[in-house]
Amino acid sequence: MSIENIKKRILKEAIVDTQWFERAQWRIDNEDWLDLSFEIAVKIGSVLSKNKTLDKFPRNQKELAEAMGVSPQYVNKVFKGSENLQLDTITKIQNILGIKLIEIAKDVKKEA
């Protein structure tokens, strides 16, 4: 089989990804919350790792899912940093792990 025939066969059988641009645009459009979600995922992972060392509940994603009353698949999405977390979910995680994931700076107004 010649090189040209091989090239033709590969091009004929190749799967063309036509959605790459839409996925890239989606990531650009959602960059802000994706970055925050990733930072939250890293923080949660750090706490679970520490809990595992200290043998403190929850020690892993499965135990966190049990404590939250959600599926392990959902917690996995959170760990991927691709889940757009709602405030009630963030609060639930904070309470279970005993940490602050989001802190709102309070404006201090100076009176003249």
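This is a short walk through one chain, from its overall form down to a few single residues.

Keep in mind that we are looking at a predicted model. Everything I quote is computed from it.

Start with the fold. The chain has 6 helices and 0 strands. So what pattern does the chain follow along the sequence? Read from start to end, that pattern is α-α-α-α-α-α.

Now the overall dimensions. For 112 residues, a compact globule would have a radius of gyration near 13 Å. This chain has 22 Å. The C-alpha trace spans about 80 × 50 × 25 Å along its principal axes.

Burial next. Of the 112 residues, 24% count as buried. The chain exposes about 9,300 Å². Carbon and sulfur atoms supply 54% of that area.

What about contacts along the sequence? Take those between residues at least 6 apart. Of these, 49% join residues at least 24 apart.

Charges, briefly. There are 19 positive and 17 negative charges in the chain. Their mean positions are 5 Å apart.

On to single residues. I will go along the sequence.

First stop, asparagine 30. Asparagine 30 sits in the loop between helix 2, residues 20–29, and helix 3. Is asparagine 30 buried or exposed? Its relative accessibility is 17%, so asparagine 30 counts as buried; the cut-off is under 20%. What does its side chain pair with? The partner is the side chain of tryptophan 33, in a polar contact at 2.8 Å.

Next, the loop between helix 3, residues 31–54, and helix 4, residues 61–68. Aspartate 55 lies in this loop. Proline 58 lies in the loop too.

Aspartate 55 has a relative accessibility of 56%, and therefore counts as exposed, since the cut-off is over 50%. Its side chain makes a polar contact with the side chain of arginine 59, at 3.5 Å. Look at the backbone as well. Phi of aspartate 55 is near 55°. That is a positive value in a residue other than glycine.

Stay in the loop for the peptide bond from phenylalanine 57 to proline 58. Is that bond cis or trans? The bond is cis, with omega near -10°. For context, most residues other than glycine have a negative phi, and most peptide bonds are trans.

One distance from aspartate 55 before we leave. Glycine 81 is 26 residues away along the chain. The two C-alpha atoms are separated by 25 Å.

Now helix 6, residues 87–97, where we find glutamine 94. Glutamine 94 counts as buried because its relative accessibility is 11%. Which residues does glutamine 94 touch, leaving out those up to four places away in sequence? They are Ile99, Lys100, Leu101 and Ile102. Leucine 101 also gives us a polar distance. Its backbone nitrogen lies 2.7 Å from a polar atom of the glutamine 94 side chain.

Last stop, lysine 109. Lysine 109 lies in the segment after helix 6. Lysine 109 is exposed, with a relative accessible area of 75%. How far is its C-alpha atom from that of isoleucine 90? The separation is 28 Å, and the two residues are 19 apart along the chain.

To recap two items. The peptide bond from phenylalanine 57 to proline 58 is cis. Aspartate 55 has a phi near 55°. Have both on screen for the discussion.

Notes:
Residues numbered from 1 in each chain as written. Predicted model: local features only at pLDDT ≥ 70, side-chain atom pairs only at ≥ 80, totals over all residues. Heavy atoms only, no water. Helix = DSSP H or I, 4+ residues; strand = E, 2+ residues; numbered from the N terminus. Rg over C-alpha atoms; globule rule 2.2 N^0.38 Å. Buried < 20%, exposed > 50% of the residue type's maximum accessible area, 1.4 Å probe, protein only. Contact = heavy atoms within 4.5 Å. Areas by Shrake-Rupley, 256 points an atom, 1.4 Å probe, with all protein chains shown as cover. Lys, Arg positive; Asp, Glu negative; His and termini not counted. Charge placed at Lys NZ, Arg CZ, Asp CG, Glu CD. Polar contact = N/O pair within 3.5 Å; in protein donor to acceptor, adjacent residues only side chain to side chain.
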